[in-house]
Amino acid sequence: MRVLGVDPGTVNMGWGVIEAHGQRLQRVASGVIRARGPLAPRLAHMHAQTQEILAAFAPAWLSLEKTFVGENVQSAFRLGEARGAVLVAAAAAGVPVQEYSPAEIKVAVAGAGRASKQQMQMMVTRLLALDGVLAPDEADALGAAICHLHTHRFAAQVARGGGGA
């Protein structure tokens with residue numbers, strides 16, 4: 001199964017495509033989309049780039065980080081707008097979307113819901129057997145894809161009666 005993970009943002013948006021081959025995960029492609037200038041053109045750029053990635057890599061799923069409201073409500077609004085650009089691109093491409101909270105993604109990748117950016121980068125690099133350093137937004141996007149693949153694999157085992165205890 002091939003999954004596109006997205007870490008939304010209106011200035012920097014991380015993305016990463018992962019394939020599962022049995023128990024092995026493989027990065028197909030990843031990067032960070034950067035946009036500057038007024039908000040509307042940035043969102044249009046994020047939407048267009050997401051459409052290109054979906055067309056180029058044909059994922060079966062898009063795994064998207066949910067919005068969370070911290071101390072700055074305006075940041076949550078901006079994040080929601082970026083998520084909207086991604087959701088519209090996925091819907092237009094006919095790619096189903098699964099959303100995960102930042103804590104769910106961190107638990108699936110690093111084993112702790114409060115894992116730091118550095119821990120996420122290290123664990124994503126380790127889980128995908130990558131060389132070099134990933135940008136934080138790129139690592140978070142790959143983490144979203146890993147989260148979906150782990151969640152999907154577990155749900156399939158439970159459905160087959162192999163969830164075991």
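**Briefing: an aromatic pair and two strand residues**

W15 is a buried residue, with a relative accessible area of 12%. The structure described here is a predicted model. The points below concern W15 and its aromatic partner, then D7 in strand β1 and A20 in strand β2.

**The aromatic pair**
- One aromatic pair is found when the whole structure is searched.
- The partners are W15 and F57, whose ring centres are 5.9 Å apart and whose planes stand at 35 degrees to each other, making the pair tilted.
- Strand β2 (residues 12–21) holds W15 and helix α1 (residues 39–57) holds F57, so the pair ties together parts of the chain that are 42 residues apart in sequence.

**D7 in strand β1**
- Strand β1, which covers residues 2–7, contains D7.
- Although D7 is buried, this residue has no salt bridge. K117 is the nearest side chain of opposite charge, at 4.6 Å, whereas a salt bridge requires a distance within 4 Å.
- Leaving aside residues up to four places away in sequence, D7 touches N12, M13, G14, E65, D137, D140 and A141.

**A20 in strand β2**
- A20 is part of strand β2, the strand that also holds W15.
- With residues up to four places away in sequence left out, the contacts of A20 are M1, L25, L149 and R153.
- Between A20 and R160 there are 19 Å in space, C-alpha to C-alpha, and the two are 140 residues apart in sequence.

Terms used
Residues numbered from 1 in each chain as written. Predicted model: local features only at pLDDT ≥ 70, side-chain atom pairs only at ≥ 80, totals over all residues. Heavy atoms only, no water. Phe/Tyr/Trp six-rings, centres within 6.5 Å; stacked < 30°, edge-to-face > 60°. Helix = DSSP H or I, 4+ residues; strand = E, 2+ residues; numbered from the N terminus. Buried < 20%, exposed > 50% of the residue type's maximum accessible area, 1.4 Å probe, protein only. Lys, Arg positive; Asp, Glu negative; His and termini not counted. Contact = heavy atoms within 4.5 Å.
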